[in-house]
Amino acid sequence: MYRVAVSGINAVDNPGPGVGIAKGLKEGSLEISIYGLAYDAMEPGIYMKWLFEKSFIMPYPSAGEEPFIERLLYIKSNYGLDAVIPALDAELPLFIKSSSLLESYGIKTFLPTEEQFKLRGKDHLPEIAERIGVKVPETRIVTSYEELSKAVEEIGFPVMIKGIFYKAYKAFNISQATSYFNSIVAEWGYPIIVQQVVTGEEMNVVGVGDGEGGHFGLVGIKKLWITSLGKIWTGVTVRNEELLSATERFVSEFKWRGAFEFECIVNNRDIYLIEVNPRFPAWVYFATGVGVNLPDRLLKAALGLEPERDWDYPAGKLYVRFTDDFVTDMSEFQRVVTKGEN
Amino acid sequence: MRKLERLAINDEGFIFDPETGNSYTVNKTGLFIIKLLKEGKSEEEIVKALSEKFDVSEEDARRDLVDFIEQLRLYGLLEGENV
């Protein structure tokens, strides 16, 4: 029996990947017990006992490495803990930095390296695109109004105005561009990315790199229906050979280790790279559902077991997300609030 | 491989493009034409087949065929090589 902790169990309208990861692990071949790592007593995963046997409130990663590691060691010594699958961008740097320390305590992870993690910044996209032979929308990195107006003049409207990690808006004129620039700067700071709008099909690939240039499976999808926050609600698997081979080149060129999401716009034979996320996307259960159980494979890799590598999934499988609800006791919530665990 | 050959087409006229994830529906006539295009039939052969099957003049059949093929091209489902 392996005990594995999963974060990102905030199954809300902007869902974390934790519930999807846990569903995959449950359907995997290992005998496991899953713990949820949460940052708020209201995270729905805490109460989903059929997936998470126990849940723990974690200190914020911004509070520093020590309290975070201590909390994991508390879990380990009281309940046992063999591996962690972190699923949120904000906690990844801490996990990556502490992975050897955690390993020395017998807590395994399977994460990208620090250099790989840095590639998620949109300012690195042109470099990735060049090395793997795909296109990237014409991009300028700006930090002032002067640079912004020069960039939009060169690229031409409409343009995408993006934060380096979060937020993206389409602007059709300079006043919109300036207003989005201001709002992203206020929330996330500099720099701001100004990008050409490219047309085509928006497609994503989820995968797990083995760290040596190979991978434990890829699944390509297209979002068919998204929420107002841009989150997938229905989707379909696609087999676009150009996209899949570009993803394989990405994995081999950067010797990617761990989970990733590769976001592109595909226009016939042209692949435009939009973003690389160094973790599972919230829709990762889609991969499990089509027979490529990536969370299970990642856990095996973390535990030093040999994961499967087959990934011959069918095109035309439909993903349907839906809302659900259940009723539990207030005492469950009380325990989380007072004891920090449940 | 030709684009048309990759399309998954069922008997009710539902078409799925496994490369792009897009899906389309066509009526009975459209389905009939697509099946013949997939078999590699020429424009002349399809016009004759349409005219016989749906009891219309070859002129009407040709006009509808050209129109339909143009729509397939518009959606990127037909690359120059066919008709």
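**Entry 1. Helices α7 and α8, chain A**

I began with the residues through which α7(A) and α8(A) touch. On the α7(A) side I noted Tyr145(A), Leu148(A), Ser149(A) and Val152(A), which meet Ile174(A), Ala177(A), Thr178(A) and Phe181(A) in α8(A). By class, this contact holds six nonpolar residues, two polar and no charged. I record here that the model is predicted.

I then looked up the geometry of the pair. Helix α7 of chain A spans residues 145-155 and helix α8 of chain A spans residues 174-188; their axes come within 11 Å and cross at roughly 135°. The two helices are therefore oblique to each other. I entered the crossing of α7(A) and α8(A) as right-handed.

**Entry 2. Strands β6 and β7, chain A**

Next I examined the stretch of chain A from β6 to β7. Strand β6 (residues 159-163) and strand β7 (residues 168-171) of chain A run antiparallel and are joined by four bridges. Which residue of β7(A) is the bridge partner of Lys162(A)? I found Ala168(A) in that position. The hairpin has four residues between the strands, and within this hairpin I noted Lys167(A), with a positive phi near 75°.

**Entry 3. The sheet of chain B**

I turned to chain B and traced an open sheet of three strands, in the order β1-β2-β3, with antiparallel pairing. Which strands lie at the edges? I listed β1 (8-9) and β3 (23-25) of chain B, each of which pairs on one side only. Between β1(B) and strand β2 (residues 14-16) of chain B I found two bridges, the strands running antiparallel. In one pairing, Ala8(B) has Phe16(B) of β2(B) as its bridge partner.

**Entry 4. Helices α2 and α3, chain B**

I looked up a helix pair in chain B as well. The axes of helix α2 (residues 28-38) and helix α3 (residues 43-54) of chain B come within 11 Å and cross at roughly 145°. I entered the crossing of α2(B) and α3(B) as right-handed. From α2(B), the residues Thr29(B), Phe32(B), Ile33(B) and Leu36(B) meet Ile46(B), Ala49(B), Lys53(B) and Phe54(B) of α3(B). I classed the residues of this contact as six nonpolar, one polar and one charged.

**Entry 5. Contact between the chains**

Finally, I looked up where the chains touch. How many residues does each chain bring to the contact? Chain A supplies eight residues and chain B six residues. On the side of chain B that touches chain A, I recorded three nonpolar residues, two polar and one charged.

Technical notes
Residues are numbered from 1 along each chain as its sequence is written. Chains are lettered from A and ligands numbered from 1 in the order in which they are written. This is a predicted model: local features need pLDDT of at least 70, side-chain atom pairs count only at pLDDT 80 or more; totals for chains, interfaces and linings use all residues. Two residues are in contact if their C-beta atoms, placed from the backbone, lie within 7 Å. Ala, Val, Leu, Ile, Met, Phe, Trp, Tyr, Cys and Pro count as nonpolar, Asp, Glu, Lys and Arg as charged, and the others, Gly among them, as polar. Axes are lines fitted to C-alpha atoms, for helices over the stretch in contact, and angles run from 0 to 180 degrees between N-to-C directions. A crossing is left-handed if the near helix is turned anticlockwise from the far one by less than a right angle, and right-handed if clockwise. Angles under 35 degrees count as roughly parallel, over 145 as roughly antiparallel, 65 to 115 as roughly perpendicular and the rest as oblique. Two strands pair if DSSP finds at least two bridges between them.
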